[in-house]
Amino acid sequence: MGHSHSHGHGHHHHTSNNKTALKWSFLIISTYMVVEVIGGIMTNSLALLSDAGHMLSDAAALGLSFLALTFGEKGASLSKTFGYKRFEILAAFINGITLLLISLYIFWEAYQRILNPPEVVSMGMLLVSSIGLVVNIVAAYILMKGDKDENLNVRSAFLHVLGDMLGSVGAIVAALLIMFFGWNLADPIASIIVAVLIIISGWRVTKDAFHILMEGVPTNINVENVKNTLLMMEEVKDIHDLHIWSITSDFPTLSCHLVVGPGISHQDLLSKAKKILHDEFHLHHTTIQIDVEGYKCSDGDHCN
């Protein structure tokens, strides 16, 4: 019986860029959040206050994401053999839940204001929201330079900022409608639009993080394709106990048993299988056990 274990370190390449992007975005968003809270209170604008509330969640999300990447760099230990990489997914999951809760609060506040529209200082609201838009564009640009397409944690932070950018646009439009038409209902309506956008992004991040926490198959990998590709190797008679999951968003993992006939070079087959998995499916961390045909799993093996 042969056994092999291999892993790659490609998931470390972008960590430094991601940390820098998150750190600067956190500093920019946190600083302006205070300005927007003061502006929202002074102008009596729910659109600004909801945007500031979202900025607060942005700051928390970005800070949490930065801590997650920092924790993720900690090495493996005897008690945590994969290190702290899964912390990134926990952070993304918390970010997603936070977005959903904030959107519900905005809906409630907007409902109260639709029933009783308050007076809003439109000029101050326009000024604060316009500066907020610029701040969010800068933060989004910084995060785009990170690895947002591969790293779920950075993507969740990017979606926070993107939703906030749309919130600033909504506040600008509402301020103009109040300024030129005296339509105070524009303020809570803009808040509702922001809340809908926040729910959409929050649901996506939460769902993706939950899938990884439940050790689901990465969305870009088809299990049947992997199985059929391994079975196409002439030495392989059967494959079982195949598992594909993710440790974190850019760290897919595979383990399986390959069944072979007698007289096969186990080491050659393992090298060949690992190369196929690496080249065709970008699976760098694989654990493969080779079973000789006719070998029966014992009760302790939990083969399926």
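Visitor: Which helix gives the most to the nonpolar patch?
Guide: This is a predicted model. The patch covers about 650 Å² and is made by Leu 176, Phe 180, Phe 181, Trp 183, Ile 189 and Ile 193. Two helices, α5 (152–181) and α6 (186–213), each supply at least two of its residues. The one that gives the most, with 3 residues, is α5.

Visitor: Is Ile 189 buried, partly exposed or exposed, and what is its relative accessibility?
Guide: Ile 189 belongs to helix α6. Its side chain helps make the nonpolar surface patch. Ile 189 counts as partly exposed, because its relative accessibility is 31%.

Visitor: How many salt bridges does the count come to?
Guide: One joins Asp 187 and Arg 113. Another joins Lys 272 and Glu 235. Lys 275 and Asp 279 form one as well. The count comes to 3.

Visitor: How many residues apart in sequence are Asp 187 and Arg 113?
Guide: Their side chains meet in a salt bridge, 3.2 Å from N to O. Asp 187 lies in helix α6 and Arg 113 in helix α3 (residues 87–115), so the pair ties together parts that are distant by 74 residues.

Visitor: Are Asp 187 and Arg 113 buried or exposed, and what are the values?
Guide: The cut-off for buried is under 20% relative accessible area. Arg 113 is buried, at 12%. Asp 187 is also buried, at 0%.

Visitor: Where does Glu 235, the salt-bridge partner of Lys 272, lie?
Guide: The closest N and O atoms of Lys 272 and Glu 235 are 3.4 Å apart. The pair links distant parts of the chain, 37 residues apart. Lys 272 is in helix α8 and is partly exposed, at 34%. Glu 235 is in the loop between α7 and β2.

Visitor: What separation, in helical turns, lies between Lys 275 and Asp 279?
Guide: The closest N and O atoms of this salt bridge are 2.6 Å apart. Lys 275 is exposed at 55%, while Asp 279 is partly exposed at 41%. An α-helix has 3.6 residues a turn, so residues three or four places apart point the same way. Lys 275 and Asp 279 are 4 residues apart in helix α8, so their separation is about one helical turn.

Visitor: Within what arc do the buried residues of α7 fall?
Guide: The buried residues of α7 (residues 223–231) are Val 226, Thr 229 and Leu 230. They line one face of the helix, because seen down the axis they fall within an arc of 95 degrees.

Visitor: Which elements do the buried residues of α7 pack against?
Guide: Val 226, Thr 229 and Leu 230 are the residues in question. Their partners are β2 (236–246), β3 (252–260) and α8 (266–281).

Visitor: Which backbone nitrogen does a side-chain oxygen of Asn 222 reach?
Guide: This contact is at the start of α7. The oxygen comes to within 2.9 Å of the backbone nitrogen of Glu 224.

Visitor: What is the phi of Asn 44?
Guide: Most residues other than glycine have a negative phi. Asn 44 lies in the loop between α1 (15–43) and α2 (46–72). Asn 44 is partly exposed, at 32%. Although Asn 44 is not a glycine, its phi is positive, about 65 degrees.

Visitor: What is the phi of Asp 241?
Guide: Asp 241 lies in strand β2. Asp 241 is buried, with a relative accessible area of 10%. Asp 241 is not a glycine, yet its phi is positive, about 55 degrees.

Notes. Residues numbered from 1 in each chain as written. Predicted model: local features only at pLDDT ≥ 70, side-chain atom pairs only at ≥ 80, totals over all residues. Heavy atoms only, no water. Buried < 20%, exposed > 50% of the residue type's maximum accessible area, 1.4 Å probe, protein only. Arc of directions from axis to C-beta. Contact = heavy atoms within 4.5 Å. Polar contact = N/O pair within 3.5 Å; in protein donor to acceptor, adjacent residues only side chain to side chain. Patch = residues over 30% accessible without salt bridge, like charges linked within 9 Å, V, L, I, M, F, W, Y side chains within 5 Å. Areas by Shrake-Rupley, 256 points an atom, 1.4 Å probe, with all protein chains shown as cover. Salt bridge = Lys/Arg side-chain N within 4 Å of Asp/Glu carboxyl O.
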